[in-house]
Each structure stands twice: as structure tokens, then as C-alpha cells.
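Colleague: Hey, have you got a minute to walk me through this one? I'd like to get a feel for it before class.

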Amino acid sequence: KKVCGGVSRKKKGTTLVLAGSSCSDWHTASRNCKSMIDLRSHKVKIIVLMLSAVTMGFHLHGGASRQFFLRINSRSSIPRTFAVLPHAGAVDQKSTASKQKGNAELLIHWRGAESDGFSNYVGQCQLELESCISAVLGVQGNDDIQLTFQNALDFSHRLDSDYEEWFDNAMQFVTSDDRGMNSSLSDLLTEATKRSAHVRSTFKVISESDSFKELAEIAQQSNSFADMEEGGVSYLASWCVRVRQLDRTRFGKTLRSPLSREREATAGMTNLLQKFGGKVNLRNPDEMIYIFEGLTARKKFVLCRKLADGLENMSSIAPTTRKCVTSTPLRPSVAVSMANIAKLQKNFNVLDPYAGSCSTLLAAALVEPTCKTVGIERAHGGIVSFMKIQEDFAVRNFTSPSGLIRGDSRDIAVRNKAIEAISGEEFDAILTDPPYGIREKVDEGCPPPLVELFQSIIEDRERGKRLLRVGGRIIAFCPNRGEDDLMDKQSELPSKEQMDRAGIKLVAMMKQPMNESLSRFLVVFECIK
């Protein structure tokens, strides 16, 4: 249970990887795994019946390291794959393969580390990041780049059990063995981070050691800072060195390390730092060099170079800054995350059939300014003012919506207007947060909004006017009425028959905490035919 901190993502099922270096290791693992194991809060139940080369698929690597893989079906409300990390001394085959390909190991610091419940939706953070990379690459459909995530922190025995995993997930190492990438992972992740709602910062791991001096020596040998030395493109870039001690009982954005520690670090790395041509700038440097102390399964110090920060101006679309605001607007980070999971790219057409104050469309314009957005809203002008919505776009220098349509999205004539607003084209994405509580009061006895949306898609397909193109995505929220698993929420979702008729499949669904007592489910659909 102690080694189950890492999280990785794949398309099908769930893979557990255990590694050992001797037969005694396997004997111990077999004995410990005979009973039901609860993988932290993810509630994945695993039964290991027996341990043999035949049933578990023994693979010998170099005559010493042994691995076996146990594939199980994952529940839909959790991340798709969990990796059981090898014990100290075991060979990390995946990491080795990544380094051989030239893909550097990266470190992610997620936003939300200070918020209780963060660990419950870290899977959504990872899904958003993978979708961001796909958008950067111009990938459409469900061909996301597959990343492997491994917890970088371990607060076991130092925090209350309710908060242990919350902090363990806050920073994660990221690697990828995807051979279809033409660009380096660091380049892709840099661009993806800049549009991400959930990534606070991304770092490139340079070296690790038990001394500052050796950190610098390894960095020099790998030429990791050659661009900041004489003749490099960043020779005159300003810089600073920061030390972050992460092995304490607290962790968060405001964590600071003693200045004496940073002075000690700069003194130990003098041979490297004295080659930089730029000046030291502690407030707003061009290049930030971090030394993390206390990362799990690492040497004492890990030297990193910051690549990028996450999307910084999300607060510009906060409800408190807008002229048109409904009673339950989406938070900026949530709306931006939806836009990213939809893989928005240049000139995409985006529809919100339950637009309200257009939080989703503002997020789409923020993430990809060239998007053409259309909103449909049935509420009268006293509740939702289209004029104020236009002002909200204009004051932020966003491209104005191609259409704001007053009416019911269930009406064919209204949907025709939406299609006409984008010159008769099909929509690339549908982003929506239906007003479930309000709809239930006004339209008592009617099907849930998502069921009605699918019925509209079916009607349009059958009359030769597609609402959503092949490869397009629907990102929406469903209310949580007390069910633990979204698979029990069939009443809120379209039936399998409706999805087949609409040519749409369910890609992902996950629970998102709203506060200590309330939550909802994010669902992702994709048009496949």
C-alpha cells in the first residue's frame, strides 16, 4: 500500500506493475497481496490469486529484474491506470526507455494543492494536460498522448491520513514513451502548460545529488545550461536560484525556504553559475532555477529548470469582473479546463446550448482567440442580457460571439440559427453546464438536459444537418444525486441506443468536488461517425 503513490494513464483497463530483484521479493509480494488491497482513496480492489510465471506473465530483464503485469478493468470514475512503483533499487524500465529516446523527465506542480479534495480530481487534471498536448499537436479524436505520472512527494506518517494523499498528488514526475511524438516532451509540455487551468508550473529535471556541487557538475556535463553560457541564446538572460524544502509537514504555494539555504546552494554551484552572462533578478527573472529538497525516491537535492507557468489570466473572466452573471456561474478554472479537454484549436466552432452568462464561451475565447462561439439561452433578457455579454467579450478584447440566440435548443429552428451563425458549418465542440435545478422546476417531467441534447443531435443527423462533426467533443456536467459511481447514473445520461444513433461514444467521466458536501460529474463524449 505504501508504494502505490504513482499514477499513469493509458487507454484500456488498468495495469499494475510490481518489480523485484530476487525470488524472496516475489515471495513477500505474493504473501502480502493475497488479500484485498485498497489503493489509497482510488478504491481499486485487486485480488492476487497466485504468483507464477504462467498466470502473471513473468518477464526477465537483464537476468535480474522481474516484472509482472496484472490487467484489471478500472471503474469509470477513477483515472484509467495506476502504476505500483518499484521498490528502491529496482530498474525503472519505462523511465530508462524514455531517457534513451531523449525525452527528459519533467516535474509538474499542480494547482489546487491547497484545496481539500484535490486528490479526488487529479485524474481530471491529468486528462486536461493530455488534451492540451493533443491540441498543441493538432491531434483530433481520442488519440491523446499517453503520459505516465508518478507522485513526487510522500507525506506518509507526517500528516493526518485525510490529507496525506492530498499532498502526495500535488507534485508529479511526468514521462512519455509515445513514439508518435515528433517534438520533444519538454517542448510540448511547455506549450501545453501555458494554456492549462490545472498546472501551476512545469519543470525540467536536470540532475540529482546529495551535494550542491555535484548537482552543478552533472548539469555541466549534460550541457543543460549551455544556452545561458557564453555564445548561448540566453547568455544575457536574468536568473535566480530558489531552494524549496518539501520534506516538511506543510506544502503549498506560499512555502518558502530559508535564505541561508539558498546562499549555501549558490555557493556550492559557483562553478556553474559564474558562467552565466545575465544578472541576478530575484523579482522577475527570465530564467528560474529550482532546487527541490525532499522529493520521494530521489537523492537529497533535485536540480530543475522552470519551463512554464500555467494559464495566468484566468481571473480576467471571473464572475466578479463581468457585467452579466447568473446565479450559478462556472469558476474560471473549471470553464478553462472544459475548453482544454475539448482540445480547442484554431478556428474551432464552439456551441453552448445552455449558455447562461457564457462562462464556457469566454473560456474558449481565452484559450483559443480564433474560436467562433455560439450561445443559446432561453432565459429572458432580464436574467441574461446579451448586450452585457457582448460587453464582457469586448472589454477583454475577445472575439465577439458569432451568435447569441434567444430560444430553446430543443427547437429545430433555434439550432438552425446556431448553424447559420457559423456559415452552415458543423461544430467542433459543445461545452455546457446545464442548469439542472432550474430546468427541473420549469420543465417538470422532462428528460435531463443531456438526454435532450442527444435527441437533438439525432434529429439533426437524420435530417442531414449535423450539429457536431466527427471527432468533435461534448464536455458537460451532470449533477451528483448521491450515487458513488457514475455508472449508476443512467437516468442522467443518454442511453446506449441514443449514443449509437447519435454516432457518439462516452470517453471519460469523473467526479469533481465542489465543496465539502457537494460534488458533480464531468462527462466527455466524442463523435465517432
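Modeller: Sure, we'll start with the whole chain and then look at some helices and a few single residues. Keep in mind that this is a predicted model.

Colleague: Okay, how many helices and strands are there in the chain?

Modeller: You'll find 16 helices and 21 strands in it.

Colleague: And what share of the residues counts as buried?

Modeller: The chain has 529 residues, and 55% of them count as buried. As for the outside, the chain exposes about 23500 Å², with carbon and sulfur atoms supplying 50% of that area.

Colleague: What about contacts between residues far apart in the sequence?

Modeller: Take the contacts with a separation of 6 or more: residues 24 or more positions apart account for 74% of them.

Colleague: Let's do helices. How do people describe two that pack together?

Modeller: Two packed helices are described by the angle between their axes and the distance between the axes.

Colleague: Then at what angle do H4 and H10 cross?

Modeller: Helix H4 covers residues 122-137 and helix H10 covers 332-341. Their axes cross at roughly 50° and come within 8 Å. Because of that angle, H4 is oblique to H10. The crossing of H4 past H10 is left-handed.

Colleague: Which residues meet there?

Modeller: From H4 you have Gln124, Leu127, Glu128, Ser131 and Cys132, and they meet Val336, Ser337, Asn340 and Ile341 of H10. Sorted by class, the contact of H4 with H10 has four nonpolar residues, four polar ones and one charged.

Colleague: Some of those H4 numbers are three or four apart. Is there a general reason why that spacing matters in a helix?

Modeller: An α-helix has 3.6 residues a turn, so residues three or four places apart point the same way.

Colleague: Neat. What does H10 do with H11?

Modeller: The axes of H10 and H11 also come within 8 Å, and they cross at roughly 65°. H10 passes H11 in a right-handed crossing. On the H10 side, the contact uses Ala335, Val336, Met338, Ala339 and Asn340. On the H11 side, it uses Ser359, Thr360, Ala363, Ala364, Leu366 and Val367.

Colleague: What classes are those residues in the contact of H10 with H11?

Modeller: Eight are nonpolar and three are polar, with no charged residues.

Colleague: Is H11 itself enclosed or open?

Modeller: Largely enclosed by the rest of the structure, because nine of the nine residues of H11, 359-367, are buried. Among the buried ones are Leu361, Leu362 and Ala365.

Colleague: What do the buried residues of H11 pack against?

Modeller: They pack against H10, helix H12 (386-395) and three strands: S15 (349-352), S16 (372-377) and S18 (427-432).

Colleague: Can we zoom in on one residue of H11? What does Leu366 touch?

Modeller: Leaving out residues up to four places away in sequence, Leu366 touches Leu311, Asn313, Met314, Ser316, Ile317, Val336 and Phe398. Leu366 counts as buried because its relative accessibility is 11%, and the cut-off for buried is under 20%.

Colleague: How far apart are Leu366 and Ile317 in space?

Modeller: Their C-alpha atoms are 8.5 Å apart, while in sequence they are 49 residues apart.

Colleague: Switching topic: which residues have a positive phi without being glycine?

Modeller: Lys343 is one of them, with phi of about 60°. Lys343 sits in the loop between H10 and S15. Another example is Asn397, where phi is near 60°. Asn397 is in the loop between H12 and strand S17 (403-406).

Colleague: Is Lys343 buried or exposed? And what about Asn397?

Modeller: Lys343 counts as buried, at 2% relative accessibility. Asn397 is exposed, with a relative accessible area of 72%.

Colleague: Last bit: where does Trp110 lie?

Modeller: Trp110 lies in strand S8, residues 106-110. At 0% relative accessibility, Trp110 is buried. The C-alpha atoms of Trp110 and Thr202 are separated by 8.8 Å, although these residues are 92 apart along the chain.

Colleague: And where is Gly424 found?

Modeller: Gly424 is in the loop between helix H13 (412-421) and S18. Gly424 is exposed, with a relative accessible area of 52%. From Gly424 to Leu467 the C-alpha distance is 9.8 Å, across 43 residues in sequence.

Methods: Residues are numbered from 1 along each chain as its sequence is written. This is a predicted model: local features need pLDDT of at least 70, side-chain atom pairs count only at pLDDT 80 or more; totals for chains, interfaces and linings use all residues. Side-chain values use heavy atoms; hydrogens and water are left out. Helices (H or I, at least four residues) and strands (E, at least two) are DSSP runs, numbered from the N terminus. Buried means under 20% relative accessible area, exposed over 50%, partly exposed in between (1.4 Å probe, protein chains only). Contact means heavy atoms within 4.5 Å. Accessible areas come from the Shrake-Rupley method with a 1.4 Å probe; for residues, only the protein chains shown count as cover. Axes are lines fitted to C-alpha atoms, for helices over the stretch in contact, and angles run from 0 to 180 degrees between N-to-C directions. Angles under 35 degrees count as roughly parallel, over 145 as roughly antiparallel, 65 to 115 as roughly perpendicular and the rest as oblique. A crossing is left-handed if the near helix is turned anticlockwise from the far one by less than a right angle, and right-handed if clockwise. Ala, Val, Leu, Ile, Met, Phe, Trp, Tyr, Cys and Pro count as nonpolar, Asp, Glu, Lys and Arg as charged, and the others, Gly among them, as polar.
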